[in-house]
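Q: I have just opened this one and would like a walk through it. Could you take me through the main points?
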Amino acid sequence: MMNLIEVVISREVVNYAKNKLKQIIIDNKLGLSKFGSERSRILAGYIGEKIIMDFLILDKDIDDYDFDLISRKGKRLEVKTITCKFKPKPHYWCTVNSHNLDGVHKQKSDFYIFLRILNNYKKGWILGWIPCDDFFKKGEFISKGTNFGKFEFVKANATILPINQLGKF
């Protein structure tokens, strides 16, 4: 059974993320590394970070390359957010992409927290959390170019894990 936490995304959350996005310079020559991705993906990530900041009552984002937030207990949290068209199902994947095309790039964070948000930024779901080491132990490595029919990993290697394998808040 899946225990998603549904969140109505306020205009304030979206504005926070847009203002944060205005502060960075995106260089597409960087590929998938820090600030070398599409603006819309970065915006979705910042919306996800703000949702988690509000949910966990955290007042400061770190936004380091290796983690986004620090919990009240000092744990490094990396928030992974993707957009979607509808509420996710338990067998859908949580994905951690790697810009290291020779293998897996692991960030220096303690926990991953996964979210999905609607493409229009009106609603989202906190999917759950997992210690980063456990994610890579339990997850399935997917090489760049792997095709699943409806979905193809075209930009990077990735590790995937079904949503129903995450810890619940």
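Q: What share of the residues in the chain is buried?
A: This is a predicted model, and in it 45% of the chain's 169 residues are buried.

Q: And how many helices and strands are there?
A: There are 3 helices and 8 strands in the chain, and if you follow the sequence from its start they come in the pattern β-α-α-β-β-β-β-β-α-β-β.

Q: Back to the buried part: which residues have the most contacts inside the largest nonpolar core?
A: Those are Ile47, Ile51 and Ile52, in a core that has 25 residues.

Q: Which elements give two or more residues to this core?
A: Two helices do so, H1 (11-22) and H2 (39-56), together with two strands, S3 (76-84) and S5 (111-118); the largest share is that of H2, which provides 9 residues.

Q: What does Ile51 touch, then?
A: Leaving aside residues up to four places away in sequence, Ile51 touches Val7, Ile9 and Val13, and also Leu115, Ile117 and Ile126.

Q: What lies apart from that core?
A: Another core lies apart from it, made of 17 residues that include Leu4, Phe114, Leu118 and Phe135.

Q: What about contacts over the chain, what part comes from residues 24 or more positions apart?
A: Among contacts with a separation of 6 or more, 63% are between residues 24 or more positions apart.

Q: Switching to the outside, how much area does the chain expose?
A: The exposed area is about 9,500 Å², and 52% of it is supplied by carbon and sulfur atoms.

Note on methods. Residues numbered from 1 in each chain as written. Predicted model: local features only at pLDDT ≥ 70, side-chain atom pairs only at ≥ 80, totals over all residues. Heavy atoms only, no water. Core = buried A, V, L, I, M, F, W, Y, C linked by side-chain atoms within 4.5 Å. Buried < 20%, exposed > 50% of the residue type's maximum accessible area, 1.4 Å probe, protein only. Helix = DSSP H or I, 4+ residues; strand = E, 2+ residues; numbered from the N terminus. Contact = heavy atoms within 4.5 Å. Areas by Shrake-Rupley, 256 points an atom, 1.4 Å probe, with all protein chains shown as cover.
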